[in-house]
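This report describes a single protein chain for a reader who has not met it before. The sequence and the model come first, and the description follows.

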Amino acid sequence: MDPSSSEDETPLAPEIQARVNELMHALQHAPAIACPFTFNWSGNQDLADKASMRIRLYGLLMREMWPAMSFSALSAITFHHDYELALKEAVGSERDAPVPTKEAGGFSVGMMVRAGDGVHVVMHESVALALASDDETTSDWAQSVVRHELCHVADYAFKRELIEKHPDQCRYSGFDTYMAPLAEAMWDEFYANKYSFGPWADVRTFLDLLRDAVAAIHAEVVEAILEYRTSSDLTKLRQIAEPKVKFVAQCFGYAAGCLAGKGVTLEQEAPDVTELLKRLGLLGAWQTCYETLEVLDQRRPNWASVLDLTDLFPGCIELFSGFGLHYRPSGDGAYIDIPETQYTGPLQIAMKRLGLT
Ligand SMILES: [Zn+2]
């Protein structure tokens, strides 16, 4: 796109013109994002140029704000009308493509995936169309999505460097393997939402997602525990509960990231969500996780290895407990205790037998 071909020819104030020149110079000579863009979509070339220009500009502004952020691991950015197909194509035949979450409210339009030596950001075409839109709410939404994915790219590069430095310290074992998926999901979304925060961010969306996910998943896990009371099939209970509680951990990350970006607590920003977490016995887990995420972020430049994420494990154990599953280390694995609660006691089992729940 030629910067001199602006549609609006009104002269700019000198300091703004200087800033425009500075950015244009950086885009040409020291870009933050230099990877190719692919558009497999219903838009035209003009819109594609506008969308990719915006993304390269966001990259530049983010690097300016946080000089340690690097997007050099990024090998490609793709917009596609068939998002799931594009994810499959990006990861290639050697790996399984990630499947966008089907949990309540977990609608995904963008994802960073590992591909070859680097990472590939895949987004639904609606994000590119929104980026090129003149409507502010629409383009704000797209800006949030793009900045969020760029944060994942920068965090990936940061972790890859740590792994290269300490290759012996990057794998979890034993009991830790039960908590690691939650801690990683929570951290990744916390970081991405905290550092993509700005006037364009829609905090309420993520608080609503947390509220809806917690309410729905609490009911589903209670149901699975009641099943387990009669079947004693722990494997089946784990298969149902663990991915769901992991999604709650991910939602904790999204919400905590927004709140940290804004510099507020959940109690200040969303008394309704606070009340819900309290009622379901999850507020303690939330507080532990939020505080730990902030501390981890403050000392992030000094992380010894990616295993520093084990700091989040006490919060993850508390989160599982809030859903009625008490994990503790046992030998090489975990012992899971499922005590009766107000939701999963004899009365609820009897009611279920009688078809009253
Ligand atoms: Zn994310």
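Helix H12, residues 313-322, has these buried residues: Gly315, Cys316, Ile317, Leu319, Phe320 and Gly322. The model is a predicted one. The cover over the buried residues of H12 includes helix H6 (176-195), helix H8 (234-262), helix H11 (283-298) and strand S5 (326-330). Just after H12 comes glycine 324, with a positive phi of about 95°.

**Helix pairs**

Two of the helices that cover H12, H8 and H11, also pack on each other. The axes of H8 and H11 come within 10 Å and cross at roughly 55°. An angle between 35 and 65 degrees counts as oblique, and H8 and H11 are therefore oblique to each other. The crossing in which H8 passes H11 is right-handed. On the side of H8, Phe252, Ala256 and Ala260 take part, and they meet Trp286, Cys289, Tyr290, Leu293 and Glu294 in H11.

Tyrosine 290 of this group lies in helix H11. Is tyrosine 290 buried or exposed? A residue counts as buried if 20 or more other C-beta atoms lie within 10 Å of its own. Tyrosine 290 has 22 other C-beta atoms within 10 Å, so tyrosine 290 is buried. The C-alpha atoms of tyrosine 290 and alanine 256 are separated by 6.0 Å, although the two residues are 34 residues apart along the chain.

H6, which also helps to cover H12, packs against helix H5 (residues 136-165). The axes of H5 and H6 are 8 Å apart, at an angle of about 125°. H5 and H6 are therefore oblique to each other, and their crossing is right-handed. The contact is made by His148, Cys151, His152 and Asp155 of H5, together with Asp188, Tyr191, Ala192, Asn193 and Tyr195 of H6.

**The loop before H8**

Serine 232 is found in the loop between helix H7 (203-231) and H8. Serine 232 has a positive phi of about 55°, although this residue is not a glycine. Is serine 232 buried or exposed? A residue counts as exposed if 12 or fewer other C-beta atoms lie within 10 Å of its own. Serine 232 has 9 C-beta neighbours inside 10 Å, so serine 232 counts as exposed.

**The sheet**

Strands of a sheet pair through backbone hydrogen bonds, either parallel or antiparallel. In this model, an open sheet of 4 strands has the order S1-S2-S4-S3, and the pairing is mixed. Strand S1 (37-40) and S3 are the edge strands, each of which pairs on one side only. From one strand to the next, the twist averages 20°.

Strand S4 covers residues 118-124, and 6 of its 7 residues are buried. S4 is joined to strand S2 (residues 74-80) by 6 bridges, and S2 and S4 run parallel. S4 is also joined to strand S3 (residues 110-115) by 6 bridges, and S3 and S4 run antiparallel. The table lists residues that stand opposite residues of S4.

| Residue | Partner in S4 |
|---|---|
| Threonine 78 | Valine 122 |
| Arginine 114 | Valine 119 |
| Glycine 110 | Methionine 123 |

S3 and S4 form a hairpin with 2 residues between the strands. In this hairpin, glycine 116 takes a positive phi near 60°.

**The whole chain**

How many helices and strands does the chain have? There are 13 helices and 6 strands in the chain. The C-alpha atoms fill a box of roughly 75 × 45 × 40 Å, taken along the principal axes. For 357 residues, a compact globule would have a radius of gyration near 21 Å, and the 23 Å of the chain agrees with this. Of the 357 residues in the chain, 36% are buried.

Contacts between residues at least 6 apart in sequence can also be sorted by separation along the chain. Of these contacts, 75% join residues at least 24 apart.

Conventions: Residues numbered from 1 in each chain as written. Predicted model: local features only at pLDDT ≥ 70, side-chain atom pairs only at ≥ 80, totals over all residues. Rg over C-alpha atoms; globule rule 2.2 N^0.38 Å. Contact = placed C-beta atoms within 7 Å. Pairing = 2+ DSSP bridges. Axes fitted to C-alpha atoms, helices over the stretch in contact; angles between N-to-C directions. Parallel < 35°, antiparallel > 145°, perpendicular 65-115°, else oblique. Left-handed = near helix turned anticlockwise from the far one by under 90°.
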